[in-house]
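Dear colleague,

Please find below the structure that I am handing over to you. My notes on it follow, arranged by topic.

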Amino acid sequence: MLPSLFIDIVAFIFGACIGSFLNVCIYRIPEGLSIVYPGSRCPRCETIIPFYDNIPIISYLLLAGKCRTCHLPIALRYPFVELLGGLFGLASVHTFGPTVQAGVVFVFIATLIVVTFIDLDHRIIPDRISLPGIPFFFLAAFALPAIAWQARAIGIVAGGGILFAVAWIYHRITGREGMGGGDIKLLAMIGAMIGWQGILFTIFAASALGTIVGLLAMLKSGKGMQLAIPFGPFLAGGAMIYLFFGERLIDWYLLV
């Protein structure tokens, strides 16, 4: 048996390295660019970043948050996403052990991180992520024995169907588009991973989080109901909460 501390360190470092790759995905996928070639470049001066300046989190600190070549600031988001990757790598191993199950959960969370930041930046959830993600996570989730495949199959239909129904009703009442097709496909992908029970929890949690954040954002901006806030990040957040705390929160709620 490997020492627990060693496993934690490896999980964090691995997650942070994946977080660095997620930054590439977040930047390039909406632009229709390859996520493999060319290598990492400074988004300002387009200088290729050498490996010693591309160490997750550490390089940002050593460079004081600036490009070595053009000396322009590097967005704080880059080390933040790397830190998220490290923390979720650590959380996955702590929750599910050093298992295939933990790996599947981490890949799912990494996908949700990419979706979250793309939606925040561009108000879109790319089909090239969500549509392949539906069959991929349906099959990958066989590593999660607690969620039956039937529940996940229903989760795909329910996930897409519930949001489609909400979007259709909203459009019929107001004459405006209130929810994009990307959210519908994203929830279908989430259902493929965590099943219909997880879908219900995700919708409830996302609605609660969205309401709180939305009210605060409207008060701060002064735009009232005209303020548009992407729903994808809240769906992603709700799914993450379910993976790590869902069963305990549901048990607590039923006991209250």
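Which residues of α3 are buried? In this predicted model, they are Pro79, Val81, Glu82, Leu84, Gly85, Gly86, Phe88, Gly89, Ser92, Val93 and Phe96. An α-helix has 3.6 residues a turn, so residues three or four places apart point the same way. Helix α3 itself covers residues 77-96, which makes 20 residues. From its first C-alpha to its last it reaches 28 Å, close to the 28 Å expected at 1.5 Å a residue. Just after α3 comes Gly97, whose phi is positive, at about 80°.

Two of the buried residues of α3, Phe88 and Phe96, also belong to a cluster. Ring pairs link them with Phe244 and Phe245.

Aromatic pairs

The count of aromatic pairs comes to 11. One of these is formed by Phe136 and Phe137: the ring centres are 5.0 Å apart and the planes stand at 85°, over the 60 degrees required, so the pair is classed as edge-to-face. The two partners differ in exposure: Phe136 is partly exposed, with a relative accessible area of 47%, whereas Phe137 is buried, with a value of 2%.

A further aromatic pair joins Phe201 and Tyr242, with 5.5 Å from centre to centre and 50° between the planes, and this pair is tilted. Phe201 lies in helix α7 (residues 181-221) and Tyr242 in helix α8 (residues 232-255), so the contact ties together parts that are 41 residues apart in sequence. Both rings belong to buried residues: the relative accessible area is 12% for Phe201 and 14% for Tyr242.

A charge over two rings

Where does Arg152 lie with respect to Phe138? Arg152 lies over the face of Phe138, at 4.9 Å from the ring centre. Arg152 also lies over the face of Phe142, where the distance from the ring centre is 4.5 Å.

A glycine in helix α7

Helix α7, which holds Phe201, also contains Gly182. Gly182 is buried, because its relative accessible area of 15% falls under the 20% limit. The C-alpha atom of Gly182 is separated by 6.6 Å from that of Ile124, although the two residues are 58 residues apart along the chain.

When you view the model, you may wish to begin with helix α3 and its buried residues, then turn to the pair of Phe201 and Tyr242, and finally to Arg152 with Phe138 and Phe142.

With kind regards

Terms used
Residues numbered from 1 in each chain as written. Predicted model: local features only at pLDDT ≥ 70, side-chain atom pairs only at ≥ 80, totals over all residues. Heavy atoms only, no water. Phe/Tyr/Trp six-rings, centres within 6.5 Å; stacked < 30°, edge-to-face > 60°. Buried < 20%, exposed > 50% of the residue type's maximum accessible area, 1.4 Å probe, protein only. Helix = DSSP H or I, 4+ residues; strand = E, 2+ residues; numbered from the N terminus. Lys NZ or Arg CZ within 6 Å of the ring centre and 35° of its normal. Expected span 1.5 Å × (residues − 1).
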